[in-house]
Amino acid sequence: MTVRGIRKETLRLLLQMGRDAHPNEFIAVLTERDGVIDEVNLLPGTVSNEDSAHIFYDMMPLSTHVAGSCHSHPNGVLRPSNTDIQFFPRTGRFHFIIGYPYRENDWRCFTPDGEQCRLGVVE
Ligand SMILES: [Zn+2]
């Protein structure tokens, strides 16, 4: 399935989740339907910081509809850490990082090798 975008409400929800979790980090698995990312699946457990968040990548559900992941960077850095790049390839093709202060444009999308990629926002 070619993923062509993320639903606007889904992106809003992710930013809200970032605000709610702040100053902690959250991580979620994103699934798509008909090529649009429209579902956020929180992984079991509570996440408290950058290190523990990444443990949850190992618990990814195996579904053909998994499009990627999203996690927050409470420090506001919209770039993948070295740890992120190690884990991205296990988790689908599109990896969102949202950062403090979690405004509408405080997010980026990355490929599994950590390159920034453009993904449309679908109304
Ligand atoms: Zn990270």
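**Reading a sheet, strand by strand**

Q: Let's start with F96. Which residue in β6 stands opposite F96?
A: C109 is the one standing opposite F96 in β6. Keep in mind that this is a predicted model. Strands of a sheet pair through backbone hydrogen bonds, either parallel or antiparallel. Here β5 and β6 run antiparallel, and four bridges join them. Slide along the same pair of strands and you find I97 opposite R108 in β6.

Q: How many bridges join β6 to β7, and in which sense do the two run?
A: There are two bridges, and β6 and β7 run antiparallel. C109 turns up again here, standing opposite C117 in β7. The hairpin of these two strands has five residues between them, and one of its residues, G114, takes a positive phi near 90°.

Q: What about β4 and β5: parallel or antiparallel?
A: That pair runs parallel, with six bridges joining β4 to β5. F94 in β5 is the bridge partner of G68. To get from β4 to β5, the chain goes through helix α3, residues 82-87, and this β-α-β crossover is right-handed. On to another pair: β2 and β4 are antiparallel over five bridges. G68 shows up here too, since L30 stands opposite G68 in β4.

Q: Okay, zooming out, what is the order of the strands in the open sheet?
A: Read across, the order is β7-β6-β5-β4-β2-β3-β1-β8, eight strands with mixed pairing. Now look at the ends: β7 (116-117) and β8 (120-122) are the edge strands, and each has a single partner, so one side of each is left without a neighbour in the sheet.

Q: Which way do the residues of β5 point?
A: The general idea first: in a regular strand the side chains alternate between the two faces of the sheet. In β5, F94, F96 and I98 point one way, while H95, I97 and G99 point the other way. Six of the six residues in β5 are buried, so the strand is mostly covered.

Q: How many residues does the largest nonpolar core have?
A: In soluble globular proteins, nonpolar side chains tend to be buried together. The largest such core in this model has 21 residues, and F26, I37 and F96 have the most contacts inside it. At least two core residues come from each of α1 (8-21), β2 (27-33), β4 (66-73), β5 (94-99) and β6 (107-110). The largest share, five residues, is supplied by α1.

Q: How many disulfides does the structure hold?
A: A disulfide is a covalent bond between the sulfur atoms of two cysteines. This structure has zero of them. Take C70: the nearest cysteine sulfur belongs to C109 and is 9.4 Å away, and C70 is in no disulfide. C70 counts as buried because its relative accessibility is 0%.

Q: Then why is C117 not bonded to C109?
A: The two sulfurs are 3.4 Å apart, and C109 holds the closest cysteine sulfur to that of C117, but this is too far for a bond. The cut-off to compare with is 2.5 Å between the sulfur atoms. C117 also counts as buried, because its relative accessible area is 17% and buried means under 20%.

Q: How many aromatic pairs does the structure hold?
A: There are two aromatic pairs. One of them joins Y100 and Y102, with 6.0 Å centre to centre and 90° between the planes, which makes it edge-to-face. A pair of aromatic rings is described by the distance of the centres and the angle of the planes. As for their surroundings, Y102 is buried because its relative accessibility is 2%, whereas Y100, at 48%, counts as partly exposed.

Q: One last residue: where is the place of P112?
A: Look in the loop between β6 and β7. P112 is partly exposed, because its relative accessibility is 23%. Residues far along the chain can still meet in space, and P112 and P89 show it: they are 23 residues apart along the chain, yet their C-alpha atoms are separated by 4.8 Å. Leaving aside neighbours within four places in sequence, P112 is in contact with I85, F88, P89, G92, R93 and H95. One of these, H95, you have already met in β5, where H95 is buried.

Terms used
Residues numbered from 1 in each chain as written. Predicted model: local features only at pLDDT ≥ 70, side-chain atom pairs only at ≥ 80, totals over all residues. Heavy atoms only, no water. Phe/Tyr/Trp six-rings, centres within 6.5 Å; stacked < 30°, edge-to-face > 60°. Buried < 20%, exposed > 50% of the residue type's maximum accessible area, 1.4 Å probe, protein only. Core = buried A, V, L, I, M, F, W, Y, C linked by side-chain atoms within 4.5 Å. Pairing = 2+ DSSP bridges. Contact = heavy atoms within 4.5 Å. Right-handed = clockwise from strand over helix to strand, strands pointing away.
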